[in-house]
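Good morning, colleagues. Please take a moment to look at the sequence and the model before I begin.

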Amino acid sequence: MRQPGRGKEQPVNGASTAMEALRWHMVEKQLKARGIADPRVLEAMSRIPREEFVPERFRREAYADEPISIGHGQTISQPYITALMAQTLELKGHEKVLEVGAGSGYHAAVLGALAAEVITLEIIPELAELARRNLAGAGYDRNVRVVCGDGSLGYPETAPYDAISVAAGAPATPDQLLAQLAGDGRMVVPVGSYDEQKLMVFVKAGDALTSRVATYCRFVPLRGGGGWNAR
Ligand code: SAH
């Protein structure tokens, strides 16, 4: 396993490396202070080395309160958004989760720490490869599988899912994804225009479907058959 710069880093706030200190600070100031309260989400994000999922040149910014470019016009979301999305899914540990938009693989690693199994789809082949490499490098590939392909219409091969997390902005409620949710499943998805979306949380309870807006946000566009390409 890669251990970037360990050795050279100074202990801060009782953490054993500077990166661990920055991670602790991120959890306190960006997550807890803004209302992220699910102890499992906080624990996972206290543990997962986000610096191993950002490009080498942005390693110092790994815990900054903003999205970071991962190439190909795509970004890894701000830590707070990753935490909020994970929290809305109310994962307990037994779930099978579908993620649409693997990107760097960081969010999939968080979901993998919270659920039993994660299948994450990525439409850009180079990023699918990056996600695989990052997940394996950081040691979070045990229960996370990266599939290269269009996930805007879901992934029927392993449906139904207890939870679905969509990391790119959809032009409309993705009904095909909702159809792949289990009877008591939950889905979090940004829905709206190209530039601004509502982060929607859908909850299935038998035949009933409820939704709420978790926040306003700005994600990269969802591509593919159920995304902006189909318009
Ligand atoms: N969850 C990621 C952030 C992803 S950014 C992380 O933690 O790093 C959104 C990603 O969705 C981009 O990598 C983009 O290529 C991908 N994407 C966009 N449309 C997609 C689609 N239809 N199917 C699969 N991936 C898609």
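**The ligand and its pocket**

Let me start with the ligand, bearing in mind that what you see is a predicted model. The ligand is surrounded by 25 residues, and S104, E122, D150, G151 and R223 are the closest of them. Sorted by class, this shell holds 12 nonpolar, 9 polar and 4 charged residues.

Which elements give two or more residues to the shell around the ligand? They are β2, β3, α4 and β4. The largest share comes from β2, with 3 residues.

I turn now to individual contacts. S104, already named among the closest residues, places a polar side-chain atom 2.6 Å from an oxygen atom of the ligand. With H107 the partner is the backbone: one of its polar backbone atoms is 3.1 Å from an oxygen atom of the ligand. I123 also takes part through a polar backbone atom, which lies 3.2 Å from a nitrogen atom of the ligand. How much of the accessible area of the ligand does the protein cover? On its own the ligand has 590 Å² of accessible area, and the protein covers 99% of that.

Next, the space itself. The ligand takes up the largest pocket of the model. That pocket encloses about 520 Å³. Its lining counts 36 residues, and those closest to the pocket centre are T75, G101, A167, A168 and V220.

Several elements each supply at least two residues of this lining: β2, spanning 74-76, α3, spanning 79-88, β3, spanning 96-100, α4, spanning 106-114, and β4, spanning 117-122. Here too, I draw your attention to β2, which provides the largest share of the lining, 3 residues. By class, the lining consists of 18 nonpolar, 13 polar and 5 charged residues.

Before I close, I should like to point out two details of the backbone. Where does P160 lie? P160 is in the loop between β5, residues 144-148, and β6, residues 161-166. The peptide bond that joins A159 to P160 is cis, with omega at about 0 degrees.

The second detail concerns H72, in the loop between β1, residues 68-71, and β2. H72 is not a glycine, yet its phi is positive, at about 60 degrees.

To summarise, the ligand takes the space of the largest pocket, and the protein covers 99% of its accessible area. In both the shell around the ligand and the lining of the pocket, the largest share comes from β2. Thank you for your attention.

Terms used: Residues numbered from 1 in each chain as written. Predicted model: local features only at pLDDT ≥ 70, side-chain atom pairs only at ≥ 80, totals over all residues. Heavy atoms only, no water. 1 Å grid on protein atoms, 1.4 Å probe; cavity = no way out; pocket = protein on both sides within 12 Å on 5 of 7 lines; lining within 4 Å. Points joined across faces, edges and corners; volume = space filled by probe spheres on them. Helix = DSSP H or I, 4+ residues; strand = E, 2+ residues; numbered from the N terminus. Nonpolar A, V, L, I, M, F, W, Y, C, P; charged D, E, K, R; others polar. Near = heavy atom within 4 Å. Polar contact = N/O pair within 3.5 Å; in protein donor to acceptor, adjacent residues only side chain to side chain. Areas by Shrake-Rupley, 256 points an atom, 1.4 Å probe, with all protein chains shown as cover. Sits in = over half its atoms within 2 Å of the grid points.
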